[in-house]
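Notebook open, model loaded. I want to look up the charged and polar side-chain pairs.

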Amino acid sequence: MKKTILILLNVISFSFLTIAQEIDVLKPTSNDVSFEVSFYPNNSIAPINLNYLRGRYFMNDKIAIRMGIDLANKKQKTEYVNNYTHDGNPIDVNNDIQECSCFLIGIHPGIELHLSNSKRLSPYIGVEISYITKSSNEDYEDYYVEYDAGSYTILSEKTKYEGAWMGNFQRAYSKFGVNALLGTDFYVTKHLYLGFEIGIGLLSCTNNEITKKVDDDDKDVVVPESKYSDFGVNVNNAIRLGFWF
(Lines give C-alpha, C1' and ligand atoms only; values in the text may rest on other atoms or scores of the structure.)
Protein backbone atom coordinates (compact mmCIF):
# COMPACT_ATOMS: atom_id res chain seq x y z
CA MET A 1 0.00 0.00 0.00
CA LYS A 2 2.77 2.40 0.96
CA LYS A 3 4.57 1.54 -2.25
CA THR A 4 1.42 2.33 -4.30
CA ILE A 5 0.99 5.70 -2.56
CA LEU A 6 4.63 6.56 -3.22
CA ILE A 7 4.25 5.69 -6.91
CA LEU A 8 1.09 7.83 -7.08
CA LEU A 9 2.84 10.77 -5.44
CA ASN A 10 5.74 10.45 -7.86
CA VAL A 11 3.36 10.41 -10.84
CA ILE A 12 1.49 13.48 -9.56
CA SER A 13 4.74 15.31 -8.86
CA PHE A 14 6.04 14.48 -12.33
CA SER A 15 2.76 15.67 -13.90
CA PHE A 16 2.90 19.01 -12.10
CA LEU A 17 6.57 19.40 -13.03
CA THR A 18 5.80 18.69 -16.70
CA ILE A 19 2.92 21.20 -16.71
CA ALA A 20 5.13 23.83 -15.07
CA GLN A 21 7.83 23.25 -17.64
CA GLU A 22 5.32 23.58 -20.49
CA ILE A 23 3.97 26.84 -19.02
CA ASP A 24 7.52 28.17 -18.75
CA VAL A 25 7.98 27.77 -22.52
CA LEU A 26 4.65 29.24 -23.61
CA LYS A 27 6.47 32.28 -25.01
CA PRO A 28 9.29 32.37 -27.55
CA THR A 29 12.88 32.94 -26.46
CA SER A 30 16.27 33.25 -28.19
CA ASN A 31 16.37 32.21 -31.88
CA ASP A 32 12.63 31.42 -32.05
CA VAL A 33 10.52 32.72 -34.93
CA SER A 34 6.82 33.51 -35.23
CA PHE A 35 4.35 33.97 -38.09
CA GLU A 36 0.95 35.62 -37.95
CA VAL A 37 -2.10 36.61 -40.00
CA SER A 38 -4.97 39.06 -39.46
CA PHE A 39 -8.04 37.45 -37.88
CA TYR A 40 -11.53 39.00 -38.12
CA PRO A 41 -13.86 36.84 -35.98
CA ASN A 42 -16.97 38.82 -37.02
CA ASN A 43 -16.36 38.15 -40.72
CA SER A 44 -18.05 34.84 -41.50
CA ILE A 45 -17.04 34.91 -45.18
CA ALA A 46 -13.30 35.56 -44.86
CA PRO A 47 -12.25 35.59 -41.18
CA ILE A 48 -8.54 35.26 -42.03
CA ASN A 49 -6.84 37.82 -44.26
CA LEU A 50 -3.76 36.46 -46.04
CA ASN A 51 -2.99 39.72 -47.86
CA TYR A 52 -0.87 40.81 -44.88
CA LEU A 53 1.64 38.47 -43.25
CA ARG A 54 4.14 39.17 -40.49
CA GLY A 55 7.14 37.26 -39.23
CA ARG A 56 9.35 37.86 -36.18
CA TYR A 57 12.76 36.66 -35.12
CA PHE A 58 13.39 36.71 -31.36
CA MET A 59 16.97 37.66 -30.55
CA ASN A 60 16.11 36.86 -26.94
CA ASP A 61 12.97 36.83 -24.78
CA LYS A 62 12.86 40.66 -24.81
CA ILE A 63 13.85 41.82 -28.29
CA ALA A 64 12.26 40.75 -31.58
CA ILE A 65 12.97 41.87 -35.15
CA ARG A 66 9.85 41.91 -37.33
CA MET A 67 8.92 42.08 -41.00
CA GLY A 68 5.42 42.52 -42.41
CA ILE A 69 4.48 42.04 -46.06
CA ASP A 70 1.42 43.37 -47.91
CA LEU A 71 0.56 41.64 -51.17
CA ALA A 72 -2.61 42.09 -53.22
CA ASN A 73 -3.48 41.57 -56.88
CA LYS A 74 -6.90 42.35 -58.33
CA LYS A 75 -8.35 42.06 -61.82
CA GLN A 76 -11.91 42.54 -62.95
CA LYS A 77 -13.75 42.57 -66.26
CA THR A 78 -17.18 44.17 -66.64
CA GLU A 79 -19.52 44.27 -69.64
CA TYR A 80 -22.13 47.00 -70.09
CA VAL A 81 -25.06 46.12 -72.35
CA ASN A 82 -25.77 48.46 -75.27
CA ASN A 83 -29.37 48.98 -76.34
CA TYR A 84 -29.52 50.93 -79.60
CA THR A 85 -32.45 50.96 -82.06
CA HIS A 86 -33.12 52.22 -85.60
CA ASP A 87 -36.69 52.78 -86.79
CA GLY A 88 -37.87 50.81 -83.77
CA ASN A 89 -35.66 47.83 -84.52
CA PRO A 90 -32.75 46.80 -82.29
CA ILE A 91 -29.22 47.26 -83.57
CA ASP A 92 -26.66 44.55 -82.90
CA VAL A 93 -23.89 46.44 -81.07
CA ASN A 94 -21.14 44.85 -79.00
CA ASN A 95 -21.27 45.41 -75.25
CA ASP A 96 -18.88 47.96 -73.76
CA ILE A 97 -16.00 46.25 -71.98
CA GLN A 98 -14.11 47.56 -68.95
CA GLU A 99 -10.97 45.74 -67.79
CA CYS A 100 -9.23 46.88 -64.59
CA SER A 101 -6.16 45.69 -62.74
CA CYS A 102 -4.16 46.75 -59.71
CA PHE A 103 -1.19 45.35 -57.80
CA LEU A 104 -0.04 46.29 -54.32
CA ILE A 105 3.09 45.37 -52.42
CA GLY A 106 4.33 46.71 -49.10
CA ILE A 107 7.15 45.98 -46.66
CA HIS A 108 7.11 46.85 -42.94
CA PRO A 109 10.40 46.20 -41.07
CA GLY A 110 10.58 46.97 -37.36
CA ILE A 111 11.76 46.03 -33.89
CA GLU A 112 9.93 45.24 -30.63
CA LEU A 113 10.93 45.44 -26.97
CA HIS A 114 8.88 43.08 -24.78
CA LEU A 115 8.34 44.30 -21.24
CA SER A 116 6.70 41.66 -19.07
CA ASN A 117 7.83 38.49 -17.31
CA SER A 118 4.27 37.15 -17.27
CA LYS A 119 3.96 33.57 -18.48
CA ARG A 120 1.12 34.31 -20.91
CA LEU A 121 0.98 38.07 -21.47
CA SER A 122 3.73 39.85 -23.39
CA PRO A 123 3.15 43.62 -23.85
CA TYR A 124 5.67 45.42 -26.05
CA ILE A 125 6.69 48.75 -27.51
CA GLY A 126 8.40 49.15 -30.84
CA VAL A 127 9.01 51.08 -34.01
CA GLU A 128 8.18 50.21 -37.62
CA ILE A 129 9.00 51.67 -41.04
CA SER A 130 6.54 51.12 -43.89
CA TYR A 131 6.74 51.41 -47.65
CA ILE A 132 3.77 50.55 -49.88
CA THR A 133 3.41 50.94 -53.64
CA LYS A 134 0.31 50.33 -55.74
CA SER A 135 -0.18 50.28 -59.50
CA SER A 136 -3.57 50.76 -61.15
CA ASN A 137 -4.72 50.61 -64.79
CA GLU A 138 -7.96 50.49 -66.74
CA ASP A 139 -8.89 49.75 -70.37
CA TYR A 140 -12.33 50.71 -71.64
CA GLU A 141 -13.73 49.77 -75.07
CA ASP A 142 -16.82 51.78 -75.94
CA TYR A 143 -19.19 50.80 -78.79
CA TYR A 144 -21.75 53.34 -79.92
CA VAL A 145 -24.02 54.33 -82.84
CA GLU A 146 -24.00 57.52 -84.88
CA TYR A 147 -27.16 58.39 -86.81
CA ASP A 148 -27.09 60.42 -90.04
CA ALA A 149 -29.89 61.12 -92.55
CA GLY A 150 -31.87 58.01 -91.81
CA SER A 151 -28.87 55.68 -91.62
CA TYR A 152 -26.50 54.72 -88.85
CA THR A 153 -22.87 53.73 -88.33
CA ILE A 154 -21.47 51.53 -85.55
CA LEU A 155 -18.27 52.97 -84.09
CA SER A 156 -15.89 52.05 -81.29
CA GLU A 157 -13.38 53.89 -79.16
CA LYS A 158 -10.70 52.60 -76.82
CA THR A 159 -9.66 54.53 -73.72
CA LYS A 160 -6.73 53.64 -71.48
CA TYR A 161 -6.14 55.03 -67.99
CA GLU A 162 -2.67 54.62 -66.51
CA GLY A 163 -2.50 55.27 -62.78
CA ALA A 164 -6.16 54.86 -61.80
CA TRP A 165 -9.50 53.14 -62.26
CA MET A 166 -11.86 55.89 -63.26
CA GLY A 167 -15.00 53.94 -62.27
CA ASN A 168 -14.18 54.04 -58.54
CA PHE A 169 -10.96 56.06 -58.73
CA GLN A 170 -8.60 53.43 -57.34
CA ARG A 171 -5.51 55.56 -57.76
CA ALA A 172 -1.93 54.31 -57.90
CA TYR A 173 0.31 55.61 -55.13
CA SER A 174 3.45 55.26 -53.06
CA LYS A 175 3.36 55.57 -49.26
CA PHE A 176 6.11 55.89 -46.68
CA GLY A 177 5.49 55.86 -42.94
CA VAL A 178 7.16 55.65 -39.55
CA ASN A 179 5.18 54.38 -36.55
CA ALA A 180 5.75 54.03 -32.82
CA LEU A 181 4.00 50.85 -31.67
CA LEU A 182 2.20 49.63 -28.58
CA GLY A 183 0.89 46.08 -28.53
CA THR A 184 0.52 42.86 -26.61
CA ASP A 185 0.62 39.12 -27.24
CA PHE A 186 -1.46 36.66 -25.24
CA TYR A 187 -0.21 33.07 -25.40
CA VAL A 188 -3.27 30.82 -25.38
CA THR A 189 -1.17 27.69 -25.31
CA LYS A 190 2.31 26.62 -26.29
CA HIS A 191 3.15 27.95 -29.80
CA LEU A 192 -0.21 29.74 -30.24
CA TYR A 193 -0.97 33.39 -29.46
CA LEU A 194 -3.43 36.23 -30.08
CA GLY A 195 -2.39 39.86 -30.24
CA PHE A 196 -3.50 43.47 -30.53
CA GLU A 197 -1.60 46.53 -31.69
CA ILE A 198 -1.95 50.30 -32.17
CA GLY A 199 0.52 52.80 -33.55
CA ILE A 200 1.11 56.52 -33.79
CA GLY A 201 3.20 58.02 -36.53
CA LEU A 202 3.74 59.96 -39.72
CA LEU A 203 2.55 58.94 -43.19
CA SER A 204 3.63 60.53 -46.46
CA CYS A 205 1.74 59.63 -49.65
CA THR A 206 2.37 60.44 -53.32
CA ASN A 207 -0.57 59.80 -55.65
CA ASN A 208 0.78 58.87 -59.07
CA GLU A 209 0.18 60.86 -62.22
CA ILE A 210 -2.90 59.72 -64.17
CA THR A 211 -2.73 59.55 -67.95
CA LYS A 212 -5.81 59.17 -70.15
CA LYS A 213 -5.16 57.93 -73.68
CA VAL A 214 -7.95 57.86 -76.25
CA ASP A 215 -7.85 56.38 -79.78
CA ASP A 216 -7.21 58.97 -82.50
CA ASP A 217 -6.55 61.73 -79.94
CA ASP A 218 -3.23 63.45 -80.55
CA LYS A 219 -2.86 64.66 -76.99
CA ASP A 220 -3.19 62.67 -73.76
CA VAL A 221 -5.11 64.02 -70.78
CA VAL A 222 -2.85 64.13 -67.71
CA VAL A 223 -3.78 64.56 -64.05
CA PRO A 224 -0.57 65.53 -62.21
CA GLU A 225 0.67 63.67 -59.16
CA SER A 226 -0.37 64.94 -55.74
CA LYS A 227 1.16 64.60 -52.30
CA TYR A 228 -0.11 64.72 -48.75
CA SER A 229 1.10 63.79 -45.28
CA ASP A 230 -0.74 62.79 -42.13
CA PHE A 231 0.15 62.32 -38.47
CA GLY A 232 -2.09 60.36 -36.12
CA VAL A 233 -3.08 57.14 -34.40
CA ASN A 234 -3.33 53.93 -36.42
CA VAL A 235 -5.57 51.21 -35.00
CA ASN A 236 -5.45 47.65 -36.29
CA ASN A 237 -9.02 46.35 -36.03
CA ALA A 238 -7.95 42.78 -36.63
CA ILE A 239 -6.83 40.28 -34.02
CA ARG A 240 -3.31 39.07 -34.71
CA LEU A 241 -3.36 35.29 -34.86
CA GLY A 242 0.05 33.64 -34.79
CA PHE A 243 2.23 30.71 -33.90
CA TRP A 244 5.91 30.35 -33.07
CA PHE A 245 8.46 27.60 -33.15
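I started with a polar contact: the side chains of Gln98 and Tyr80 are joined at 3.1 Å. This is a predicted model, so I keep in mind that side-chain atom pairs count only at pLDDT 80 or more. Gln98 has a further polar contact, side chain to side chain, with Glu138 at 3.3 Å. I placed Gln98 in strand β6, residues 96–114. Buried or exposed? I looked up Gln98 and got 8% relative accessibility, which is buried because the cut-off is under 20%.

Next, salt bridges. I count 11 in the structure.

Entry one: Arg54 pairs with Glu36, with 2.9 Å between the closest N and O atoms. The pair ties strand β2 (residues 48–58), where Arg54 sits, to strand β1 (residues 33–39), home of Glu36, across 18 residues. Arg54 is buried at 5%, and Glu36 is buried at 5%.

Entry two: Arg66 meets Glu128 in a salt bridge, 2.9 Å from N to O. Arg66 lies in strand β3 (residues 63–80) and Glu128 in strand β7 (residues 121–148), 62 residues apart. I find Arg66 buried at 2% and Glu128 buried at 8%.

Entry three: Asp139 bridges to Lys160 at 3.4 Å. This one links strand β7 with strand β8 (residues 151–162), 21 residues apart. Here Asp139 is partly exposed at 33%, and Lys160 is partly exposed at 29%.

Last lookup: which residues are linked in a network of salt bridges? I get Glu36, Arg54, Arg56, Arg66, Glu112, Glu128, Asp185, Glu197 and Arg240.

Terms used: Residues numbered from 1 in each chain as written. Predicted model: local features only at pLDDT ≥ 70, side-chain atom pairs only at ≥ 80, totals over all residues. Heavy atoms only, no water. Helix = DSSP H or I, 4+ residues; strand = E, 2+ residues; numbered from the N terminus. Buried < 20%, exposed > 50% of the residue type's maximum accessible area, 1.4 Å probe, protein only. Polar contact = N/O pair within 3.5 Å; in protein donor to acceptor, adjacent residues only side chain to side chain. Salt bridge = Lys/Arg side-chain N within 4 Å of Asp/Glu carboxyl O.
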